[in-house]
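Me: Please take a close look at one part of this model, namely the surroundings of a single aromatic side chain. I would then like to see how that part relates to the rest of the chain.

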Amino acid sequence: MSKLIQDGIYAWRRLRRSPGFTVAALLTLALGIGANALIFSVVNAVFLRPLSYANADRLVWVTEFFPKFNRWMVPAPDYAAWKRQSVLFERLEAMTGSFGENVAVSGSPAERAQVGHVTPGFFAMVGMLPRIGAGFVEDEGAAERPAVLVSDGFWRGYLHADPAITGKTVTLNAKAYSVVGVMPRGYVDLDGPDVALWVADAVLPGTVLRGKNPRSVRLIGRLKSGVTLEQARIELERVARSLDAQYPAPWGAYHSAAAVR
């Protein structure tokens, strides 16, 4: 121990005599430690730590590649057919991109916020139910007005952590919505942490009608226990090919060239 102390004193003296070298060494150590900590944080979040969803190992991203457009997408009619005909998925739910919308509540100035668009059963499928309120119901058409879910951060900030927020009205782009719940604090939308509200209108009944430019969605499904990715892909491919002739030109040709992944 005494030799270790002597070595430490000697090193400190040498460092004091060479301040330039000392600063360079400290900066190098700081950058090296910081970079390693950052890399570990990313690896831990992406590869090591499981998703904060129930049975995340059975959640899959479902899509189709359209060579004509060189992009991945799922036309809403395909989603409707898959949801209706699939026997290998427990659930298939859809979402579209999040968009900035004007938000207002009584007694507060309007604010711009990111709004996510999902199907009513999306949060039930991933096992992330609201900690306040009942959330979306499967038959949203039965409600008196459209429903909206809010994030914990938006509730604590813009809505002032109102404990009686459920049932109150939030206006999105001049349309009234009824608040049906507050999501857990740890929930982060797939489009990122900025998404503050969600509405259940990703696929509306009128949008699944086949037209010249069908609406596209993004899908997440929960496989039944024991089902492989390849089995699921073959099933959805079969359903997709049965729809080729039902799309009007030129979408019929575009659709027949698409491949399920």
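Reply: Leaving aside neighbours within four places in sequence, F89 is in contact (heavy atoms within 4.5 Å) with V60, V62, G221, R222, L223, K224, A232, E235 and L236. The model is predicted, so local features need pLDDT of at least 70 and side-chain atom pairs count only at pLDDT 80 or more, whereas totals for chains, interfaces and linings use all residues. Residues are numbered from 1 along each chain as its sequence is written, and side-chain values use heavy atoms, with hydrogens and water left out.

F89 belongs to the largest nonpolar core, which has 26 residues; V62, Y79, W82, F89, V217 and L219 have the most contacts inside this core. Such a core is a set of buried Ala, Val, Leu, Ile, Met, Phe, Trp, Tyr and Cys residues joined through side-chain atoms within 4.5 Å. Buried means under 20% relative accessible area, exposed over 50%, and partly exposed in between, with a 1.4 Å probe and protein chains only. Two or more core residues come from each of β1 (59-62), β3 (71-75), α3 (76-85), β4 (89-104), β10 (216-223), α6 (229-242) and α7 (251-256). The greatest contribution, 4 residues, is that of α6. A second, separate core has 20 residues, including F154, L159, I165 and V199.

F154 is also one of the contacts of A196, whose partners beyond four places in sequence are A113, Q114, L149, V150, S151 and F154. A196 is found in strand β9 (residues 195-199) and counts as buried because its relative accessibility is 9%. From A196 to R218, 22 residues further along the chain, the C-alpha separation is 19 Å.

The protein chain as a whole comprises 7 helices and 11 strands; these are DSSP runs numbered from the N terminus, helices being H or I of at least four residues and strands E of at least two. Its radius of gyration is 26 Å, well over the 18 Å of the globule rule for 261 residues, so the chain is more spread out than a compact globule. That radius is taken over C-alpha atoms, and the rule is 2.2 Å times the number of residues to the power 0.38. Along the principal axes, the C-alpha trace spans about 85 × 50 × 35 Å. Buried residues make up 40% of the 261 residues. Of the contacts with a separation of 6 or more, 73% join residues 24 or more positions apart.
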